[in-house]
Amino acid sequence: MSAVALGLAVATAAFADGRGAAPAERRADARAAGRAEPSQARIYSTGVVTWIWDAPRRGNPREHLGYVRLGTSVALKNAERVAGSGCAGGFVAVEPRGYVCLDRTATLDGSGRYLEGMRLVDGIDQPLPYRYALSNGAPMYRRLPTAEEWQKAERFLGKPGSFAPLSWGNRGHEKLAEVRAVAASDPVPSFLADGGSIGSAHPLELVRRTIPLGSMLAFTKAFAYEGRTWLLSTDGTVVPADRVRPYRESTFHGTELGRGVALPIAWMRAVARTKYRRAADGSFTATGERWPARSYVELASAEPERGYLLTKEAGAYLAAEDATVVVARESLPIGVAEGEKWLLVSITQGTLVAYEGLRPVYATLISPGAGGLPTRGVSPVKTSSTPLGVYRVTFKHVAATMSPESGEDRSFWIADVPYTQYFDAPFALHVAYWHESFGEPMSAGCVNLSPIDGKRLFGWTDPAVPEGWNGAQSGGSLGKGTYVVVTR
């Protein structure tokens, strides 16, 4: 998150663990494979949010099980309408549980210009469900403009390909942004033919909005039109590729534990660290080799000898002052039952360990709040700190846009943040696709994860988000959320 506290804009109309292949190859393969034809009837979201209720009764938000993202669909368990309170059109049962009201936010008919177009901006099941870019004030066009139209609309933005400096608080958002051309590898979307848009064959307005400088874009397609490359945003608008900087996808990830790797381990955080050997006289000398930044090494012991840690790498020692040591917990936090899943986050270490009871199963680096440890009596929102305490995951989103504001005229947003898990709103664990400084304080208080780690942990924690759902709420028939324990 940025240096301001960011709330959640849930799947609004504004935005609609593979490790073998490289990120771009994984994404291309997933896109080429496409979506399988549905094997059973589905219900489609046509509103800002299509809620899934625990029972055929609409009312208390606590009875939400989750929701379907605008333009997407979920399989029906039973297509027969069920009468219920608060829904004149009746409810239908969806997979694997819950009910959707057939109101203006939902339809059983998946045909039509809008829904067919939105299938082109559906996310994929990868560490990054979309492609992302940093805006230099890029316009979002409802339809493809002529050269004369876009030159007029963009006359105040400077030369295409130029980029204004970001504010001090947002400079961390350009760490992975690259000045490079986006390849036009896709055909022009059919709904854009003959001046059409995703919602109309003849849109009245050309520009829907401008993506503010420093805000982010999520997109799925890149195509050429009249000598310029255009990006298909997740809301169905088109954005000129030369007004954004695409993000490079981080390949950093943590490690599985119990499959050949065990705690204690030592992380090298911000910089590479020197390897040492022990001489016959007991002194330690540098070998000239180094462990890379954001790598780890298993330790033979977590106790240093004369300031050095013996690793499990043959004969190699690590200076204790260079190491961030993670050891296994010997006792469960209060409230966590034997065998229960929980996450342990350390703010000062910048680490996270996933446990099942006292058995550690995954370890990685994270970026906590840039403000460091919370100040007693001061809201952690004000200090950009991650709050200490024991929490549960309360709501999970496959992807959702974050902004401190709401409505069409927002001055800042981070588009479609993947694998968001709220534990003490507005604080959440989520992927940060704009940096890879994991292990270092970076966020406004949230726990930043790499794309691979974010997806890995999202699939492991409870509640599970069923296929077709974009979000799920803990409690009710989905069960309790996984514990999140935040320590110093």
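**Asking why in a predicted model**

Guide: In the largest cavity of this structure lies about 30 Å³ of space. The structure is a predicted model, in which local features need pLDDT of at least 70 and side-chain atom pairs count only at pLDDT 80 or more, while totals for chains, interfaces and linings use all residues. Residues are numbered from 1 along each chain as its sequence is written, and side-chain values use heavy atoms, with hydrogens and water left out.

Visitor: What makes a space count as a cavity, and which residues line the largest cavity?

Guide: A cavity is a set of points, on a 1 Å grid over the protein atoms alone, where a 1.4 Å probe fits but cannot get out, and a residue counts as lining if it has an atom within 4 Å of a point. The volume is the space filled by probe spheres set on those points, which are joined across faces, edges and corners. By that test, the largest cavity is lined by Pro145, Thr146, Ala147, Trp150, Tyr225 and Glu226.

Visitor: How do the residues of that lining divide into nonpolar, polar and charged?

Guide: Four are nonpolar, one is polar and one is charged. Pro, Ala, Trp and Tyr belong to the nonpolar class and Glu to the charged class, whereas Thr, being in neither list, counts as polar.

Visitor: Why is Glu226 called exposed?

Guide: Exposed means over 50% relative accessible area, buried means under 20%, and partly exposed lies in between (1.4 Å probe, protein chains only). Glu226 has a relative accessibility of 59%, and therefore counts as exposed. Glu226 sits in the loop between strand 12 (216–225) and strand 13 (228–233), where helices (H or I, at least four residues) and strands (E, at least two) are DSSP runs numbered from the N terminus.

Visitor: What is the phi of Glu226, and what is that of Arg294?

Guide: Most residues other than glycine have a negative phi, and most peptide bonds are trans. Glu226, although not a glycine, has a positive phi of about 50 degrees, and Arg294, also not a glycine, has a positive phi of about 60 degrees. Arg294 belongs to the loop between strand 19 (284–291) and strand 20 (296–298), and its 26% relative accessibility is why it counts as partly exposed.

Visitor: Where are the cis peptide bonds before Pro264 and Pro463?

Guide: One runs from Leu263 to Pro264, with omega near 10 degrees, and Pro264 has its place in the loop between strand 16 (255–256) and strand 17 (265–267). Another joins Asp462 and Pro463, with omega about 0 degrees, and Pro463 is found in the loop between helix 5 (451–460) and strand 32 (471–473).

Visitor: What makes helix 5 largely enclosed by the rest of the structure?

Guide: Nine of its ten residues are buried, and therefore helix 5 is described as largely enclosed. Among these buried residues are Ile452, Leu457, Phe458 and Trp460, as well as Asp453, Lys455 and Arg456.

Visitor: How do you know that Thr386 is buried, and what does its side chain reach?

Guide: Thr386 has a relative accessibility of 1%, so it counts as buried; it lies in the loop between helix 4 (380–383) and strand 27 (389–392). Its side chain reaches the backbone nitrogen of Gly369 at 2.9 Å and the backbone oxygen of Gly445 at 2.8 Å. Both are polar contacts, the term for a pair of N or O atoms within 3.5 Å, one able to donate a hydrogen and the other to accept it, with residues adjacent in sequence counting only if both atoms are side-chain atoms.

Visitor: Which residues does Gly445 contact, and is Gly445 buried or exposed?

Guide: Contact means heavy atoms within 4.5 Å. Setting aside neighbours within four places in sequence, Gly445 is in contact with Gly369, Ser384, Ser385, Thr386, Pro387 and Phe427. Gly445 has a relative accessible area of 0%, and so is buried.

Visitor: Why is the protein called as compact as a globular protein of its length?

Guide: The protein has five helices and 33 strands. Its radius of gyration is 24 Å, close to the 23 Å that the globule rule gives for 488 residues, so it is as compact as a globular protein of that length. The radius is taken over C-alpha atoms, and the rule is 2.2 Å times the number of residues to the power 0.38. Buried residues make up 52% of the 488.

Note on methods: On a 1 Å grid over the protein atoms alone, a cavity is a set of points where a 1.4 Å probe fits but cannot get out, and a pocket is an open set with protein on both sides within 12 Å along at least five of seven lines; lining residues have an atom within 4 Å of a point.
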